[in-house]
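Here are some exercises to work through with the model open in your viewer. Try each task before you read its solution.

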Amino acid sequence: MQLNHINKWGVYAIALLFVALNAVCIYNDFFLLSLLPIALLLAAMAFLSLDKLMLCISFLTPLSIPLSEISKGLSVDLSLPTEPLLAGIAIIFLFKLLYEKQFDKRVLTHPVSITIYIYMAWILVTSITSVEPLVSFKFFISHLWFILPLYFLMTQVFRNPNNVRRYVLFYAISLCVVVLYALTRHVTYGIFDQKIAHWASNPFYKDHTSYGALLAMNIPPIAALLFEKRNSRGIRLVYLLVLVVISVGLIFSYSRAAWLSLIGAFGVWCCIKLRIKFSFIASVLVIAAIIAFSFGENITRILQSNNQDSSTTNIVEHVKSISNVSTDASNVERINRWKCALRMFSEKPIFGWGPGTYMFYYAPYQISYEKTIISTNEGDMGNAHSEYLGPLCESGILGPLTLMAIIITTVITAVKIYRRKKEDVEINKLTNIALAVLIGLFTYYFHGVLNDFLDTDKASVPFWGYTALIVAVDIYYNSSNKRIEKGGG
């Protein structure tokens, strides 16, 4: 009893000491110590319950804030609390994998996993040959701490089918908080304006393009959960409210690329539902490409005749500005970045300049008459604005090809799951969610033509998590005789 009494007063003393020390830190504008109790709780979860921690990360990601927003002037920037957590989980998971040697070989040998190995191996090779090895190895390590927990670990978390729904829902609910925050900032200024949309989601999302991309990505999975027959009215109402909030947020994000990506993904959903053969789709695309090439000059002339700039308040005018490649600064600057990426690629076509180096080297490849009012030579305004052209100049020809291999194997896996004969009702529901998640991924595949965000936690958590979900459904719920597992994680 005496010992317990001493321990109790020891806890009180430590708590009071922390409060006093934290008060001093806050008085001196240092706020990081306030996060220590949360950090200790999350660290405990990392050792005791990894599956629950991964679900927490799904919820925390939309609300994560860059370190630069908390403490100015730092040379390193991380998204708090998610990136340090993911880095720690990656290390724990790797040691656990090497020590126990019991990880499911079906995941390790799955076609999607194999393409991820090739993708990461090529990033490693081009990091070695990089013009800035330190920058490139940081890029490689950051991708590693995304992929290890969000793909490999999540395949095991998804062995519990309830976690499939939780992972999707937790991210979406948290995203709704950001939407309400952004809409409140619109209302504060008395107008739903495109200029306000650019920073309304700060500090949670750095701009309206990444914000819009993730809103679009989450609409198909939430819609699938809404129409699940197993749901009660109360649960269905929750899904409906989440879907409405995210949809309103997408509209007022003023992200034209996000709008287009959702339309394109809906087209893919129609093709899969109608069971249109890939050969027919490929033929249509080839014919469209031939027509575009044949009438390239006329198409260019029509696009250049569109002088409708993006509108601050009129959504119709904002949509019309999508094809303006002559005066719309955002569109013209994006083309400028693409041309720089192609010029850089032509100089180093095999190994590229090195992962993560584009922003430091593209400036000399700009041509004066292609610059816009938002062009810069400082390397402080983002990257190549393309998930495919960025790797092309940074990792050579195999850069985008290895990423495309991941996309293609993921799509093939998801379509195979959907078309597989199913007699078990629960398995059928999971395959429907897997299809919806694929459509969500397609919004990002399309959006990746115009922007790239996979170096951020905001995009990586759903991108790699949804890819893991598809693989988990393929492996663990792959026959009508397979019983749904209640454990996992």
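Rings of Phe, Tyr and Trp (its six-membered ring) count as a pair if their centres lie within 6.5 Å; planes under 30 degrees apart are stacked, over 60 edge-to-face, and the rest tilted. This is a predicted model, in which local features need pLDDT of at least 70 and side-chain atom pairs count only at pLDDT 80 or more, while totals for chains, interfaces and linings use all residues. Residues are numbered from 1 along each chain as its sequence is written, and side-chain values use heavy atoms, with hydrogens and water left out.

**Exercise 1. Aromatic pairs**

Task: Find how many aromatic pairs a search of the whole structure gives, then classify the pair of tyrosine 151 and phenylalanine 152.

Solution:
- Step one is the count: the whole structure holds 19 aromatic pairs.
- Next, take tyrosine 151 and phenylalanine 152: their centres are 4.8 Å apart with 85° between the planes, an edge-to-face arrangement.
- Then check the cover, where buried means under 20% relative accessible area, exposed over 50%, and partly exposed in between (1.4 Å probe, protein chains only). Tyrosine 151 has a relative accessible area of 0%, so this residue is buried. Phenylalanine 152, at 7%, is buried as well.

**Exercise 2. A pair between two helices**

Task: Work out the geometry of the rings of tyrosine 445 and phenylalanine 463, and say which helices they come from.

Solution:
- The ring centres are 6.2 Å apart and the planes meet at 75°, so tyrosine 445 and phenylalanine 463 are edge-to-face.
- Now place the two residues, keeping in mind that helices (H or I, at least four residues) are DSSP runs numbered from the N terminus. Tyrosine 445 belongs to helix H21 (residues 425-447) and phenylalanine 463 to helix H22 (residues 457-476); the pair links distant parts of the chain, 18 residues apart.
- Both can be tested for cover: tyrosine 445 is buried at 5% relative accessibility, and phenylalanine 463 is buried at 2%.
- To finish, widen the view: Tyr445 and Phe463 share one aromatic cluster with Tyr119, Phe442, Tyr444, Phe446 and Trp464.

**Exercise 3. The span of H22**

Task: Test whether the length of H22 agrees with the span expected for its 20 residues.

Solution:
- The expected span is 1.5 Å times one less than the number of residues.
- For the 20 residues of H22 this should give 28 Å, and the end C-alpha atoms are 27 Å apart, which agrees.
- As for cover, 20 of the 20 residues of H22 are buried.

**Exercise 4. Charges over rings**

Task: Locate the lysines that lie over tryptophan 353 and tyrosine 205.

Solution:
- The test asks for NZ of Lys or CZ of Arg within 6 Å of the ring centre and within 35 degrees of the ring normal.
- Lysine 348 lies over the face of tryptophan 353, 5.1 Å from the ring centre.
- Over tyrosine 205 sits the charged end of lysine 458, at 4.7 Å from the centre of the ring.

**Exercise 5. Salt bridges**

Task: Count the salt bridges and trace what some of them join.

Solution:
- Side chains of opposite charge can pair when their charged atoms come close. A salt bridge here is a side-chain nitrogen of Lys or Arg within 4 Å of a carboxyl oxygen of Asp or Glu.
- That rule yields eight salt bridges.
- One of them joins arginine 337 to glutamate 333, with the closest N and O atoms 2.7 Å apart. The two are about one helical turn apart because four residues separate them in helix H17 (residues 329-347). Both arginine 337 and glutamate 333 are buried.
- Another joins glutamate 370 to lysine 339 at 3.2 Å, N to O. Glutamate 370 is in the loop between helix H18 (358-361) and helix H19 (389-395), and lysine 339 is in helix H17, so the bridge ties together parts 31 residues apart in sequence. Glutamate 370 is buried at 11% relative accessibility, whereas lysine 339 is partly exposed at 34%. Lys339 and Glu370 also belong to a network of salt bridges with Arg343.
- Finally, lysine 416 and aspartate 474 meet at 3.6 Å, N to O. Lysine 416 lies in helix H20 (residues 398-419) and aspartate 474 in helix H22, so this bridge ties together parts 58 residues apart in sequence. Lysine 416 is partly exposed at 43%, and aspartate 474 is buried at 7%.
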